[in-house]
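User: Please take a close look at the ligand site of this model. Which residues are around the ligand, and which of their side chains make polar contacts with it?

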Amino acid sequence: MRMIDLIQKKRDGAVLTKEEIDFFIGGYAAGEIPDYQVSALLMAIYFQDMTDDEITNLTMAMAYSGDVVDLSSIEGIKVDKHSTGGVGDATTLVLAPLVASVGVPVAKMSGRGLGHTGGTIDKFESIPNFQVEMSDEKFIQSVNEIGVAVIGQSGELAPADKLLYALRDVTGTVDSIPLIASSIMSKKIAAGADAIVLDVTVGDGAFMKSIDDAKRLAETMVRIGKRSNRHTKAIISDMSEPLGNAIGNGLEMVEAIDALNNRGPEDLMEVVYTLGSQMVVLAGVSATLEEARTLLHEALVDGRALEKFKELVENQHGDISYIDSPEKFMTAKYEIEFLSKETGIIAELVADNLGKAAMMLGAGRKTKDDKIDFAVGLKLNKKVGESVSTGDSIMTIYSNQSDVSDIEDLLYQSIQIGKDGVEPILIHAVIE
Ligand code: URA
């Protein structure tokens with residue numbers, strides 16, 4: 001088999017066979033096919049698209065290019081959750097202990113943030129001493145004993161995707177639906193789940209900018225999941241403004257602790273309940289979504305979810321005193337109110353710019369080796385659809401630098417204030 005033939009075939013719109021896809025992924029992962037040929041094939045895929053058979057074969061070839069986690073010694077149906085990325089998205093921090101508290105085993109591998117989007121692992125690390133690394137044995141033992149564990153993604157999970165993603169990043173081939181779908185699903189399959197719930201975000205702060213594209217991506221991933229024998233569902237959630245009120249690692253942890261105390265922001269809780277009830281049904285714990293939602297709500301109100309969170313933190317050596325006293329997270333030197341210059345109704349809070357502003361404060365990384373400042377970020381005091389008057393605080397900036405003028409400039413560009421009422425839509429669709 002020759003790579004040049006595969007490139008020409010895809011360039012001309014033909015369908016690649018399983019053997020050809022295995023050859024391309026196997027050869028690239030082994031360092032036998034050069035970047036320039038893989039780049040050409042990626043660009044051909046970008047323009048010619050792929051059939052479901054091709055995407056499934058690509059997904060499986062990448063999933064099996066490295067370690068595949070075996071979770072079979074954990075009792076019950078293991079349901080994984082994945083978000084395609086967002087700003088201020090503390091969903092997993094609430095969802096993992098919440099669904100675990102009603103009996104769904106949660107063996108979660110999460111990533112770190114890059115650019116304007118945050119990562120769950122960084123958020124957990126805002127709890128002093130919290131360990132995100134664990135042997136496979138300890139990971140499985142933790143889920144069997146307390147029902148939940150959250151760890152960083154191992155380097156050997158879907159290594160072909162890692163190589164391909166780095167190449168896509170520099171060849172203008174990131175925003176291709178078959179390539180995104182296979183990239184995400186390969187990691188989910190390698191992480192060992194029996195069932196998968198996907199949160200496909202849409203809007204300024206997300207990969208997918210239009211609802212049509214988000215639907216296509218979600219439908220593609222759901223079909224791939226089913227073809228590879230993983231029950232898969234997806235929701236399409238809005239990410240044109242940030243989710244919840246906090247952006248920044250420690251601040252989002254405080255928001256999650258509030259949520260586990262039944263004081264969470266409405267939008268965050270709606271995403272948590274929508275995803276959580278799908279997970280509970282897929283795990284076979286409830287028969288219907290309504291029943292699952294009630295079960296989750298009860299566990300939140302009676303404190304079981306918060307207790308489960310404390311068990312999780314304790315099991316991973318985190319300082320539990322922070323959960324009882326969340327004010328301990330609030331250590332930024334400066335709290336600066338960002339004031340409205342107008343009176344009206346908030347029409348837009350551009351999520352990716354707010355994510356960038358938080359990154360400029362030190363809450364995120366520009367390159368993967370940057371160090372994060374857990375204390376800094378933004379807390380929204382107003383959201384889209386709310387009224388403001390001149391001089392009201394739209395948000396609080398938590399900073400360890402006194403001069404935030406460049407950040408304020410970016411924030412002023414990211415906010416639109418209008419005269420008309422706006423009713424933001426949060427969940428656009430559920431794809432099954
Ligand atoms: N997230 C992934 O893991 N891969 C993509 O291609 C895009 C988002």
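Analyst: The residues around the ligand, meaning those with a heavy atom within 4 Å of it, are Y165, R168, I180, S183, I184, K187 and F207. This is a predicted model, in which local features need pLDDT of at least 70 and side-chain atom pairs count only at pLDDT 80 or more, while totals for chains, interfaces and linings use all residues. Residues are numbered from 1 along each chain as its sequence is written, and side-chain values use heavy atoms, with hydrogens and water left out.

By class, this shell holds four nonpolar residues, one polar residue and two charged residues, where Ala, Val, Leu, Ile, Met, Phe, Trp, Tyr, Cys and Pro count as nonpolar, Asp, Glu, Lys and Arg as charged, and the others, Gly among them, as polar. Helices α8 (159-169) and α9 (177-190) each supply at least two of the shell residues, and α9 gives the largest share, four residues; helices here are DSSP runs of H or I with at least four residues, numbered from the N terminus.

Polar contacts are pairs of N or O atoms within 3.5 Å. In the side chain of K187, an N or O atom is 2.5 Å from an oxygen atom of the ligand, whereas a polar side-chain atom of S183 lies 2.6 Å from a ligand nitrogen atom, and one of R168 lies 2.9 Å from a ligand oxygen atom. Of the 240 Å² that the ligand exposes when taken alone, the protein buries 88%, with accessible areas from the Shrake-Rupley method and a 1.4 Å probe.

How values were computed. A polar contact is a pair of N or O atoms within 3.5 Å; within protein, one must be able to donate a hydrogen and the other to accept it, and residues adjacent in sequence count only if both atoms are side-chain atoms.
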